[in-house]
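Visitor: I should like a close look at a single part of this model, namely one place where two helices pack together. Please describe the contact itself and then the surroundings to which it leads.

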Amino acid sequence: MKNEQAIVIGAGIAGIAAAIRLSVKGCKVRVFEQNAYPGGKIAEVKNGNYRWDAGPSLFTLPEQVDELFRLAGENPRDHFNYERLSTVCNYFWEDDTFLAAPADEKQFASRVAQTFGLTEKSVINYLKKSRFIYETTAPVFLDQSLHKVGNYLNFKTLKGICRMPRLGIFSVLNSQNEKQLRHPALVQLFNRYATYNGSDPYRAPAVLQSIPHLEFGRGAYFPRGGMISIARELYNLAERRGVEFHFNTPVESIETEAKRVKGVIALGKMHEAGLVVCNSDVVPAYRKLLQKHKAPEKILEQPRSSSALIFYWGMNRIYEELDMHNIFFSNDYRNEFDTIHQGRSISEDPTVYINITSAYQPDDAPAGGMNWFVMINVPGNTGQDWDTLIEKSREAIILKLEKRLKKPVRNHIVCEEILDPVLIEKRTSSFQGSLYGSSSNNRYAAFLRHANFSTGIKGLYFCGGSVHPGGGIPLALKSAKIVAGLIR
């Protein structure tokens with residue numbers, strides 16, 4: 001593949017990773033990005049002496065980033081470093097129940113037993129089940145294409161298929177959590193993991209029980225310099241590999257000839273390439289970039305994942321009870337998800353997530369202050385009155401936090417930035433502002449994601465959170481690896 005011309009559309013984390021992998025294969029790679037910066041949803045916000053990671057805030061499977069440096073012949077520790085968190089998350093319930101969840105599985109089980117009156121064994125068994133599901137499904141559903149017949153004939157895939165009745169594919173996450181955990185607060189805690197791919201735990205398959213293993217079994221981490229350092233250092237690596245980045249250069253169309261990709265048109269100019277990797281959301285990719293080609297309507301019409309409403313608050317005081325990751329639960333979780341996914345609106349009592357990187361990286365806030373990234377799950381943008389929803393949600397969040405913390409919050413917000421689904425869609429081209437492409441609210445969702453390659457256009461490939469295997473940093477990086485493996 002030496003000197004093969006390759007174009008990547010979009011400098012999101014998957015696009016950068018794909019560019020690095022193609023450069024290692026010998027391709028001459030150009031990346032076209034509509035924004036002025038790399039990273040896509042991995043960005044940052046600054047206001048005065050406060051800094052926030054704008055998008056993803058949880059870092060798992062750091063070895064995936066390390067792998068890219070090693071693939072390029074570099075030592076990752078020379079450029080990128082991180083530390084494992086000792087506390088996964090602080091959880092707060094309306095009845096004043098509090099749980100600081102240790103990252104160590106045995107310590108977590110002990111803390112849960114003390115807090116909820118359960119046996120440690122029941123919690124350990126749940127985490128063992130989580131590990132079993134993850135280790136069984138990852139080789140089958142996450143590490144390879146689901147759209148190549150040959151992939152179903154290897155030993156790991158056949159083994160996974162034989163275990164399918166034990167994986168929770170045919171049952172619902174909430175039902176399995178109620179059956180295995182029994183305490184309502186603990187069920188709510190583990191139901192929350194459905195939100196990691198923008199889904200509804202009362203509809204999503206129980207196979208999502210695999211997600212907690214990423215935190216408790218594999219570890220949650222904080223990258224030094226913040227989440228933005230992941231995108232920044234991989235971008236720097238790509239440049240060292242000779243990848244050319246063209247910012248402020250939106251692609252207008254993907255050009256083809258005789259059912260083979262020919263290149264792209266960007267800013268009115270034709271750029272030829274025998275390989276094109278599309279890191280754009282698959283919906284606008286077909287609606288805008290591939291208008292001349294038949295679109296896979298069944299895939300594009302799948303229900304979208306939830307989006308987010310984020311308030312970046314600069315706080316002028318310290319709240320000792322808060323750690324890096326904090327959750328304040330809704331009192332009616334089912335109603336919250338019904339409101340989001342069926343009502344296309346925001347609950348009056350939303351679950352609130354607060355990420356505070358200054359707890360680990362003090363210079364993200366001035367002395368005596370904290371940088372609060374305050375997020376609630378919301379529906380994608382389908383024309384709602386966002387100004388009204390944002391105003392009501394802001395008030396509900398402040399009242400909830402003040403009630404639970406028993407401390408003033410409103411008067412300690414000294415600066416504020418806001419990110420909503422409309423802005424997410426505008427800045428990242430994510431259809432409706434959804435964070436993870438389509439939702440996983442049915443048992444067939446994994447098979448209804450777009451493949452990592454085009455079945456009708458040779459030389460065209462897809463990576464990123466809207467295609468297989470899914471959204472979030474770990475899966476986006478896996479999509480780039482799958483694409484590189486398909487290109488021979």
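Guide: The account below begins with one helix pair and follows its residues outward. The model is predicted, so local features are reported only at pLDDT of at least 70 and side-chain atom pairs only at pLDDT 80 or more, while totals for chains, interfaces and linings use all residues. Residues are numbered from 1 along each chain as its sequence is written, and side-chain values use heavy atoms, with hydrogens and water left out.

The pair consists of helix 2 (residues 63-71) and helix 9 (residues 228-240), whose axes are 11 Å apart and meet at an angle of about 15 degrees. That angle makes helix 2 roughly parallel to helix 9, a label given to angles under 35 degrees. Helices here are DSSP runs (H or I, at least four residues) and strands likewise (E, at least two), numbered from the N terminus. Axes are lines fitted to C-alpha atoms, for helices over the stretch in contact, and angles run from 0 to 180 degrees between N-to-C directions. The crossing of helix 2 with helix 9 is left-handed; that is, the near helix is turned anticlockwise from the far one by less than a right angle.

Helix 2 contributes Val 65, Leu 68 and Phe 69 to the contact, and helix 9 contributes Ile 230, Glu 233, Leu 234, Leu 237 and Arg 240. Contact means heavy atoms within 4.5 Å. By class, the residues are six nonpolar, no polar and two charged. In this scheme Ala, Val, Leu, Ile, Met, Phe, Trp, Tyr, Cys and Pro are nonpolar, Asp, Glu, Lys and Arg are charged, and the others, Gly among them, are polar. An α-helix has 3.6 residues a turn, so residues three or four places apart point the same way.

Arg 240 also takes part in a salt bridge with Glu 74, at 2.7 Å from N to O. The two residues belong to distant parts of the chain, 166 residues apart: Arg 240 is in helix 9, and Glu 74 is in the loop between helix 2 and strand 6 (82-84). A salt bridge requires a side-chain nitrogen of Lys or Arg within 4 Å of a carboxyl oxygen of Asp or Glu; by this rule the count comes to 23. Arg 240 counts as partly exposed because its relative accessibility is 41%, where buried means under 20% relative accessible area, exposed over 50% and partly exposed in between (1.4 Å probe, protein chains only).

The loop between helix 2 and strand 6 also holds Ala 72. Ala 72 has a relative accessible area of 15% and is therefore buried. Apart from neighbours within four places in sequence, Ala 72 is in contact with Val 24, Leu 237 and Arg 241. Leu 237 is also one of the helix 9 residues that meet helix 2.

Another salt bridge offers a comparison. Glu 297 pairs with Arg 287, with the closest N and O atoms 2.9 Å apart. Glu 297 lies in helix 11 (residues 297-300) and Arg 287 in helix 10 (residues 282-289), so this pair ties together parts 10 residues apart in sequence. At 34% relative accessibility, Glu 297 counts as partly exposed, and Arg 287, at 38%, counts as partly exposed.

Technical notes:
Angles under 35 degrees count as roughly parallel, over 145 as roughly antiparallel, 65 to 115 as roughly perpendicular and the rest as oblique.
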